[in-house]
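I opened the model to look up a pocket, a few backbone angles and a surface patch. My entries follow in the order in which I made them.

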Amino acid sequence: FIISATASRLIEARSRKLQGLAEVSMKNHILIVNYTSQEEIIHLIDELRADTKTHNHQICLVDEKLPEIPPKLLDYGVTFIKGNPADEGTLERACLANASYAVILSSDRNNPHSDDQNLATTLILEKLNPEVFSIVEVLDSRKIHQIELAGADCALCLSDFRSNLIIQELEDPGLKNILLDLTSNEGGDQFYLVKIDAMKQWTYKELVLWGLEKNYSVTGIVRQGKSLLNCPPEFQLVKGDKAVLIGKQRLESI
């Protein structure tokens, strides 16, 4: 009887875990909100784990429609929480208060109302944890401003990127391969934004020369959220600047 009762409880606990109904405890984790496809979620996780900044963070998937977590995602160590992501209770069950990052995907890319759902999710998410760094997918670029007003750190309209990439490839064939290499953590060189500490009194020329010595290509500066690319040699660096680098590994600071 004892063995049977224990087995029943273990089976019930596993079933609740698969269905996203179990209690969880997480810290400094990454929330992925809305399940799009197994391939896309796995690709996101592979990219996150290929970067030293995020490779040790646990992943928590929040979705309302998924009946249970796919076995492959379970093998990847993903925790599943089933529920409406715009509901406070769901986000509390996903330990939002302890999360470091949140990636909010569009639940249905054929439905323009997905942006409205993501807007509601962003409002609740930022209310519960204003410190979480949130990135939100937007289908209509006109909604970007609304999402950012709701508190999102970044709102991306992927259709704009697709259009730009098509035109760039048309004008400069082969450029897509370079962009894919620079935007993937799984090989080659990547773009990095690195804060400038020790060299904040330098000129842009001195920063470029430093990059050449360290095997990094300096392509610009980000100052107060504004990108300044290919600056003149005499351009003066100031406190708070971040360098736009191309290299093989991330630096904590310069």
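Before starting, I noted the cut-offs for exposure: a residue is buried under 20% relative accessible area, exposed over 50%, and partly exposed in between. I also noted that this is a predicted model.

**Entry 1: Asn34**

I looked up Asn34 first. Asn34 sits in the loop between β1 (30-33) and α2. Its relative accessibility is 6%, and under 20% means buried, so I entered Asn34 as buried. The phi of Asn34 is positive, about 85°, although the residue is not a glycine. Asn34 is also one of the residues that line the second largest pocket, which took me to the next entry.

**Entry 2: the second largest pocket**

How much space lies in the second largest pocket? I read off about 160 Å³. Besides Asn34, the lining includes Asp63, Glu64 and Lys65. Asn84, Pro85 and Ala86 line the pocket too, as does Ser107. Gln117, Asn118, Ala120 and Thr121 are also on the list.

Which helix gives the most to this lining? Helix α5 (residues 114-128) does, with four residues. I then sorted the lining by class and got three nonpolar, six polar and three charged residues.

**Entry 3: Asn215**

I looked up another positive phi, that of Asn215. The value is about 65°, and Asn215 is not a glycine either. Asn215 is placed in the loop between α9 (204-214) and β8 (217-223). Is Asn215 buried or exposed? Its relative accessibility is 62%, and the cut-off for exposed is over 50%, so I entered Asn215 as exposed.

**Entry 4: Glu39**

I went back to helix α2 (residues 38-49), where Glu39 is found. Glu39 has a relative accessible area of 58%, which means that it counts as exposed. I checked Glu39 against Lys72: the two are 33 residues apart in sequence. In space they are 10.0 Å apart, C-alpha to C-alpha.

**Entry 5: a nonpolar patch**

Last, I looked at the surface. Which residues make the nonpolar surface patch of about 330 Å²? I listed Ile166, Ile167 and Leu170. I looked up Ile167 in more detail and placed it in helix α7 (residues 158-171). Ile167 has a relative accessible area of 41%; this lies between the cut-offs of 20% and 50%, so I entered Ile167 as partly exposed.

Methods:
Residues are numbered from 1 along each chain as its sequence is written. This is a predicted model: local features need pLDDT of at least 70, side-chain atom pairs count only at pLDDT 80 or more; totals for chains, interfaces and linings use all residues. Side-chain values use heavy atoms; hydrogens and water are left out. Patches are made of residues with over 30% relative accessible area and no salt bridge: like charges are joined within 9 Å, nonpolar side chains (Val, Leu, Ile, Met, Phe, Trp, Tyr) within 5 Å. Accessible areas come from the Shrake-Rupley method with a 1.4 Å probe; for residues, only the protein chains shown count as cover. A salt bridge is a side-chain nitrogen of Lys or Arg within 4 Å of a carboxyl oxygen of Asp or Glu. Helices (H or I, at least four residues) and strands (E, at least two) are DSSP runs, numbered from the N terminus. Buried means under 20% relative accessible area, exposed over 50%, partly exposed in between (1.4 Å probe, protein chains only). On a 1 Å grid over the protein atoms alone, a cavity is a set of points where a 1.4 Å probe fits but cannot get out, and a pocket is an open set with protein on both sides within 12 Å along at least five of seven lines; lining residues have an atom within 4 Å of a point. Grid points are joined across faces, edges and corners, and a volume is the space filled by probe spheres set on the points. Ala, Val, Leu, Ile, Met, Phe, Trp, Tyr, Cys and Pro count as nonpolar, Asp, Glu, Lys and Arg as charged, and the others, Gly among them, as polar.
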